[in-house]
Amino acid sequence: MQRPYILHMITPGKQMSPFDINMAADAGYQIIVPYCEADMKSVTALTQDAIFSRGPKGVARTGIFIGGRDAVVAADMLEQSVKAMVPPFVVSVMADPSGAFTTAAAMVACVEAALLERRAEGLKDLRVVVLGGTGPVGRIAGVLAAQAGADVALSSRNGIDVAEEAAQQTGQRFGVTIHGISGGDRAAVRSSIADADVILACAAAGVQVVSAEDLGFAKKLRVAADVNAVPPEGVAGVGVMDDAKPLAGTEAVGIGALAIGNVKYQTQHRLLVQMRDKPKSVLGFAEAFAMARAFLAESAAKAG
């Protein structure tokens, strides 16, 4: 009898995301077990319990998923899980805290694709301002944009000190240069987007971070992307279904939450399938970005 596919889902939070559980089931995992309120020591112990109990052949049908809400902690837990493995007892492991890795990957990949329609350099040397930039999606989107060659600033409505702390912590952890910028009031937001080529709106659901009046200050804007699917839109004029649609009153295009969400869904699904089909996979936000790019390339080829 074939051994079942088992996914061990680890989170420092009080519960595992139902969204991720559903995604794992749809990717073909037959037994899905959550482990909540885990810390680094728990990751080591759980990983070793998972790998040593099934033998070298059984580990090929075993996976570990890292959740939670903190992007840095999830990246650390991913590394800790990999370090805890002892060859040949090696399983696939993936991190996607609150969907932040796959959402950020989808967002930046969609922006890059829209830019490539106009300039061969994509994000390179462009100014990217991440509004709501201190959350998990904002931080990872900032890292991915910086890795693609952009000049990135994380904005916080709690002011410059909070933004700078998040930027320094995130940049140091992931080896990129990111700056902090204040988004504490309307004047600060308008000042921050005045020289922005790209706006990534990653604020909480139902919060409009850029009004129609604010957009008038973004004279250099090329692309505005918004992950908020709850009215009002995070960036005024960017509809949830917009996919590089011209943004009224600007020279830019807008990318909405459901357009990004479709790429995010496909990216997460494909990564979970890869975990199952390609034993020993290690999947973080870099792999998510590569997968999102690949999906968009396939979609463009089919459309063309």
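This passage looks at one helix, the aromatic rings and the salt bridges of a predicted model.

A good place to start is helix α11, which covers residues 285-303. With 19 residues at 1.5 Å each, α11 should span 27 Å, and its end C-alpha atoms do lie 27 Å apart, in agreement with that expectation. The buried residues of α11 are F285, A288, F289, M291, A292, F295 and L296. Viewed down the helix axis, these buried residues fall within an arc of 165°, so they line one face of α11. The cover over them includes α5 (100-116), α6 (136-147), α7 (160-174) and α10 (257-277).

Aromatic rings come next, and the structure holds four aromatic pairs. One of them joins F52 and F89 edge-to-face, with 5.3 Å from centre to centre and 75° between the planes. Because F52 belongs to helix α2 (residues 40-52) and F89 to the loop between α4 (71-84) and β4 (92-95), this pair ties together parts that are 37 residues apart in sequence. F52 has a relative accessibility of 43% and therefore counts as partly exposed. Another edge-to-face pair consists of F101 and F285, whose centres are 5.4 Å apart and whose planes meet at 80°. Here distant parts of the chain are linked, since F101 sits in helix α5 and F285 in helix α11, 184 residues apart. Both F101 and F285 are buried. Ring pairs also bring F174 into a cluster with F101 and F285.

The ring of Y5 has charged company too. R61 lies over the face of Y5 at 4.0 Å from the ring centre, and R276 lies over the face of Y5 at 5.6 Å from the ring centre.

Side chains of opposite charge can pair when their charged atoms come close. In this model, the count comes to 12 salt bridges. Among them is the bridge between R127 and D151, with the closest N and O atoms 3.1 Å apart. This pair links strand β5 (residues 127-131), which holds R127, to strand β6 (residues 151-156), which holds D151, and the two residues are 24 apart in the chain. R127 is buried, at a relative accessible area of 16%, whereas D151 is partly exposed at 34%. A further salt bridge joins D214 and R186, at 1.9 Å from N to O. D214 lies in helix α9 (residues 212-215) and R186 in helix α8 (residues 186-193), 28 residues apart. D214 is buried with a relative accessible area of 0%, while R186, at 38%, counts as partly exposed. Finally, D76, E79 and R173 are joined into one network by salt bridges that share partners.

How values were computed:
Residues are numbered from 1 along each chain as its sequence is written. This is a predicted model: local features need pLDDT of at least 70, side-chain atom pairs count only at pLDDT 80 or more; totals for chains, interfaces and linings use all residues. Side-chain values use heavy atoms; hydrogens and water are left out. Helices (H or I, at least four residues) and strands (E, at least two) are DSSP runs, numbered from the N terminus. The expected span of a helix is 1.5 Å times one less than its number of residues. Buried means under 20% relative accessible area, exposed over 50%, partly exposed in between (1.4 Å probe, protein chains only). The arc is that of the directions from the helix axis to the C-beta atoms. Contact means heavy atoms within 4.5 Å. Rings of Phe, Tyr and Trp (its six-membered ring) pair if their centres lie within 6.5 Å; planes under 30 degrees apart count as stacked, over 60 as edge-to-face and the rest as tilted. A charge sits over a ring if NZ of Lys or CZ of Arg is within 6 Å of the ring centre and within 35 degrees of the ring normal. A salt bridge is a side-chain nitrogen of Lys or Arg within 4 Å of a carboxyl oxygen of Asp or Glu.
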